[in-house]
Structure formats: structure tokens, C-alpha cells
Amino acid sequence: MVNDDFFGPWGQIVLIVEVASVALVALLLIACFCTPGCPGYEYVRKRRREVKSVPLRVKSKQNENVKLNDVSYRSWRLGSLYENSSNATINENVEVNSWNSSSPQLGFADTSSTLNLVQKDKVKEKKQKEFPTELTISLQYLPPCDEITGKLAIGIEALSGLPPKQYNCTLEPYVALNIVKQSWSHRKRQKLHSFRTRGVRHTASPIFKETFVVANVKSQEAKDWILNFAAYDHDRYANDTELCNLQVSLKEVRRVLQSPEIHMFNFGMSPSNVEYGKILLGISYLPTAQRLTINIMRARDIKFMPTVPSLQEFHPYVRILMIHGRTGQRMKKKKTKHVAGSLQPEFNETLTFDVSYNQLDITQFLVVLCSKATPIEMSTIEHPSDSEDSVTSVQRSRDSYIGKVALGKGVRGSTERLHWFSVLQNPRKLVTVWHVLK
């Protein structure tokens with residue numbers, strides 16, 4: 001009786017409406033989660049992506065359980081760290097790993113102290129990416145007239161397609177021009193005239209539009225001239241890097257000396273292969289202490305001239321800069337002690353840096369071979385001073401930069417990238433490599 005009173009004619013209708021509404025809402029929710037474009041479908045899809053691809057560097061606590069040797073070279077080279085990849089894994093059954101960077105094919109001997117990055121039978125020669133650098137110049141010869149001597153106007157208009165920097169930082173290119181005689185031998189060749197353009201920041205295709213004029217030029221003498229163009233990149237942390245070079249003989253462009261018009265030329269420049277020696281570096285990373293150790297062992301075949309005039313004034317030491325890979329700012333710097341002048345200096349010093357696992361992706365190290373400058377004593381007669389203590393004043397000259405090499409993720413050199421990756425693949429082990437100073 002109670003049920004009949006409660007579920008009367010109106011009660012049954014209300015109950016049916018409630019059940020129908022609940023069923024309709026359920027159908028709408030199911031349709032929303034199954035139809036592409038709906039908020040529910042997109043939310044589920046986003047959650048599935050997050051579950052499938054969990055990044056390694058989410059929190060520092062999660063990174064404590066991550067092994068460095070779980071990272072493949074292919075994924076690391078592409079710019080991110082992935083798990084469970086078996087491409088290009090490195091053998092860990094060696095205590096001290098070393099390999100010679102001078103071999104062009106990166107082939108390594110099968111010994112207990114050698115790190116086999118790639119199988120010898122699988123090594124393929126890959127040509128380096130060529131950057132078609134072009135230089136636009138203008139030449140104009142004004143012949144002598146009455147009392148006016150002949151003049152040669154050399155205009156450096158623009159550069160295009162410069163190669164990138166060794167490490168992640170913006171370019172600041174400039175062009176240096178040296179005029180020499182072709183008849184001179186290579187050893188006795190001296191510079192008749194030298195010019196240099198201004199530096200243009202943050203561009204790989206700078207526009208200069210600068211003109212240099214050489215006076216007292218005779219057409220017969222100018223035919224024996226060679227114009228040496230070299231594009232440099234200004235480096236505030238180390239020596240300027242020669243990017244590419246070009247030689248133009250005025251004998252080959254005779255039309256310049258025959259008519260006083262302005263002649264425009266586009267020349268393709270050759271990539272520079274200037275080397276300043278080699279340095280042996282040993283690097284190891286300790287994940288538990290989050291410390292990177294760089295062992296500077298020795299250097300060989302150092303070409304310090306003409307930066308340093310003589311071997312007696314050459315006092316080499318190594319400076320290491322820790323640089324932020326994205327902004328190019330210097331974070332830390334350390335240096336070794338300087339040694340006596342020698343073409344084969346031995347340092348055998350260890351420098352340590354506190355680097356967390358998260359910083360391995362964005363940190364780069366610039367190893368610079370420098371020469372300590374000797375202070376110059378200036379007499380008080382030339383520079384008088386009223387102070388009694390300043391009997392002799394010491395003028396501090398700036399140290400000279402010989403060459404450099406960049407290490408870390410995203411650097412341009414293949415040998416440097418392989419060395420850095422082998423350190424990540426072999427934690428707590430010292431990996432030694434000969435690097436070329438540029």
C-alpha cells in the first residue's frame with residue numbers, strides 16, 4: 001500500500017524522467033570522450049601522451065634514479081634524452097677509456113684501454129656539411145693623371161652563409177684583408193697593406209659596405225698583387241676564430257686595371273682549417289656527487305706564433321670556462337698553473353665543476369690554451385709620479401689566447417660531441433681524448 005501511494009501516477013512519471021535524463025547524460029559523456037574535438041576527448045588524449053612519454057628531467061628527485069647509460073647517442077644528438085633506446089650504445093667493461101681524435105674515420109683499436117664508439121665494419125665516411133660562404137667585393141682602379149697618383153679602391157660589401165660558432169653563441173664576424181706580392185716566396189712574403197672591417201653582431205650574413213683605398217699604385221706593380229681575404233668571428237672568451245678565407249690575384253682580373261669603372265665580384269670562400277696544436281683531456285662525471293672532473297694532461301705541437309713572438313716568452317696555461325649553452329653567459333671559470341715555454345707542455349692538473357644532472361643538457365665547457373704575459377716595468381722618468389712608493393710602475397699586459405676547443409651538448413665538432421656522450425655513457429670513469437685546438 002505504501003509503495004502504491006508513493007509510486008502513484010505522477011511518481012512513476014517522475015521516476016521515468018529521472019532515469020531517462022541520467023541515461024541521456026551518460027550517452028552525452030560517452031559521445032564527448034569518443035568524438036575528436038570535444039574537450040573530454042582532447043583531455044584523455046593529452047593524458048595518454050604524458051603517460052607514454054615521461055621526460056627524464058621533470059624533477060630532481062626523479063632524476064636520481066635515471067642512469068646516464070640509458071641515453072642513446074641518436075636521441076641525445078637530436079636534442080633530447082629518451083629512455084629504452086639501444087642505438088649506438090657504448091661498452092662499459094673498461095676502467096679507463098681513451099681514443100684518438102686524429103683518425104678521420106673514428107676507428108678505434110680493440111684494447112682494454114680503448115673505447116669503441118662505433119664498430120669498424122660499420123663506420124661510414126660522412127662528409128661535413130659545407131656552408132657556401134660568398135664574399136661580395138668591389139674593385140676600382142683610378143690611373144694616374146697629371147700630379148695625381150694611381151689609386152686602387154677595394155670595397156668589402158657583404159658576406160653570406162657563414163658557418164656557425166663552435167659552441168652555442170652568436171656570431172660577430174669581420175673581414176681582414178692583407179695585400180702581398182705573388183713573386184715573393186711563402187716564407188719571405190710580407191704584408192704590403194692590411195685592412196680590417198668592423199664587426200657586425202648577431203648575424204651570419206653581415207653587410208659591411210666599407211671601402212679601403214691604396215695610394216701610389218702603378219698598374220704594372222698591381223698585377224703582382226694578391227688580395228688575401230679572411231673572415232673571422234670575434235670571441236670575447238678566447239681567440240678569434242678564422243671561419244673561411246679567399247685569395248684573389250689582380251693578374252686574373254685584368255679588366256679592373258684596364259678601365260676606371262667599379263667592378264663587382266662574388267667569390268666563394270673556402271672553409272678554414274687552421275689548427276694550433278692538440279691537447280689531451282680526460283673527463284669523468286660522478287652522478288652521486290653531481291661533479292664533473294676535467295683532467296688537463298698535456299699538449300703537443302703548439303703553434304704559438306705570431307701571437308707570442310718567441311718561445312722564451314711563451315708561458316702556457318689552460319683556462320676552462322663553464323658557459324650557459326642557451327644564453328652564452330659565463331657561469332664559472334678555472335685555470336691551471338702556467339709552465340715554462342715548451343712546445344710539448346705537460347700540465348697534469350684536475351679541475352672540478354659542480355654540475356647537476358639537469359645542467360648537463362644546457363652547459364658547455366670552453367677549454368682555452370693561453371699564454372701568460374710577462375709584466376713590463378716602466379720607469380718613473382717616462383711616467384712621473386708624485387707618490388714615493390711608486391719607484392717603478394708595472395704595466396700589466398693582457399694574456400694571449402692560442403687556441404680553444406668546446407665540449408658539451410650541441411657543440412659543432414663531431415669529436416667533441418662523441419667525447420661528451422661517452423662521458424655520459426660511462427659515469428665514474430675517465431674518458432681521455434686528444435682534441436684539436438682551433
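## Close-up views of the predicted model

**View 1. Cys370 and Cys169, two cysteines with unlike surroundings.** Let us start with Cys370, which counts as buried because its relative accessibility is 0%. Please keep in mind throughout that this is a predicted model. Cys169, by comparison, reaches 26% relative accessibility and so counts as partly exposed. How many disulfides does the whole structure hold? A search finds zero. A disulfide would be a covalent bond between two cysteine sulfur atoms. Cys370 also belongs to the next view, as one of the residues that Arg319 touches.

**View 2. Arg319, a buried arginine without a salt bridge.** Where does Arg319 sit? Its place is in strand β13, which spans residues 316-324. Arg319 is buried, yet no salt bridge is found for it. Which side chain of opposite charge is nearest to Arg319? That is Asp399, 4.3 Å away. A salt bridge requires the nitrogen and the carboxyl oxygen to be within 4 Å, so the separation of 4.3 Å from Asp399 does not qualify. The arginine side chain does have polar partners: Arg319 makes a polar contact of 3.2 Å with the side chain of Tyr317, and another, of 3.4 Å, with the side chain of Tyr401. Setting aside residues up to four places away in sequence, Arg319 touches Lys334, Lys335, Leu366, Val367, Val368, Cys370, Asp399 and Tyr401.

**View 3. Lys165 and Asp233, a buried salt bridge.** The structure holds six salt bridges, and this view shows one of them, formed by Lys165 and Asp233. The closest N and O atoms of Lys165 and Asp233 are 2.4 Å apart. This pair links distant parts of the chain, 68 residues apart: Lys165 comes from the loop between β3 (151-160) and β4, while Asp233 belongs to strand β7 (residues 225-233). Are these two residues buried or exposed? Both Lys165 and Asp233 are buried.

**View 4. Asp235 and Lys404, a salt bridge across 169 residues.** Here the closest N and O atoms of Asp235 and Lys404 are 4.0 Å apart, and the two form a salt bridge. Asp235 lies in the loop between β7 and β8 (241-249), whereas Lys404 is part of strand β19 (residues 400-408), so distant parts of the chain, 169 residues apart, are linked. Asp235 counts as buried because its relative accessible area is 4%. Lys404 is buried too, with a relative accessible area of 1%.

**View 5. Lys409 and Asp361, a salt bridge from loop to loop.** The closest N and O atoms in the salt bridge between Lys409 and Asp361 are 3.0 Å apart. Lys409 sits in the loop between β19 and α8 (414-425) and Asp361 in the loop between β15 (346-354) and β16 (363-371), so the pair ties together parts that lie 48 residues apart in sequence. Both Lys409 and Asp361 are buried.

**View 6. Glu416, a buried glutamate without a salt bridge.** Glu416 is found in helix α8. Like the arginine of View 2, Glu416 is buried and has no salt bridge. Its nearest side chain of opposite charge is that of Lys438, 5.5 Å away. Which residues does Glu416 contact beyond its neighbours within four places in sequence? They are Val405, Ala406, Leu407, Val411 and His435.

**View 7. An open sheet of five strands.** The strand order is β5-β4-β7-β8-β10, and the pairing is antiparallel. Its edges are β5 (193-196) and β10 (270-271), each of which pairs on one side only. Strands of a sheet pair through backbone hydrogen bonds. Looking at the β5 edge, four bridges join β5 to the antiparallel strand β4 (residues 173-181). In one place to look, Leu177 has Phe195 of β5 as its bridge partner.

**View 8. Three backbone details in loops.** Most peptide bonds are trans, and most residues other than glycine have a negative phi. The bond from Met305 to Pro306 is cis, with omega near 5°; Pro306 lies in the loop between β12 (291-300) and β13. His202 has a positive phi, near 60°, and is located in the loop between β5 and β6 (207-214). With a relative accessible area of 58%, His202 is exposed. Asn216 also shows a positive phi, of about 55°, in the loop between β6 and α6 (219-222). At 57% relative accessibility, Asn216 counts as exposed.

Technical notes
Residues are numbered from 1 along each chain as its sequence is written. This is a predicted model: local features need pLDDT of at least 70, side-chain atom pairs count only at pLDDT 80 or more; totals for chains, interfaces and linings use all residues. Side-chain values use heavy atoms; hydrogens and water are left out. A disulfide is a pair of cysteine sulfur atoms within 2.5 Å. Buried means under 20% relative accessible area, exposed over 50%, partly exposed in between (1.4 Å probe, protein chains only). Helices (H or I, at least four residues) and strands (E, at least two) are DSSP runs, numbered from the N terminus. Lys and Arg count as positive and Asp and Glu as negative; His and the chain ends are not counted. A polar contact is a pair of N or O atoms within 3.5 Å; within protein, one must be able to donate a hydrogen and the other to accept it, and residues adjacent in sequence count only if both atoms are side-chain atoms. Contact means heavy atoms within 4.5 Å. Two strands pair if DSSP finds at least two bridges between them.
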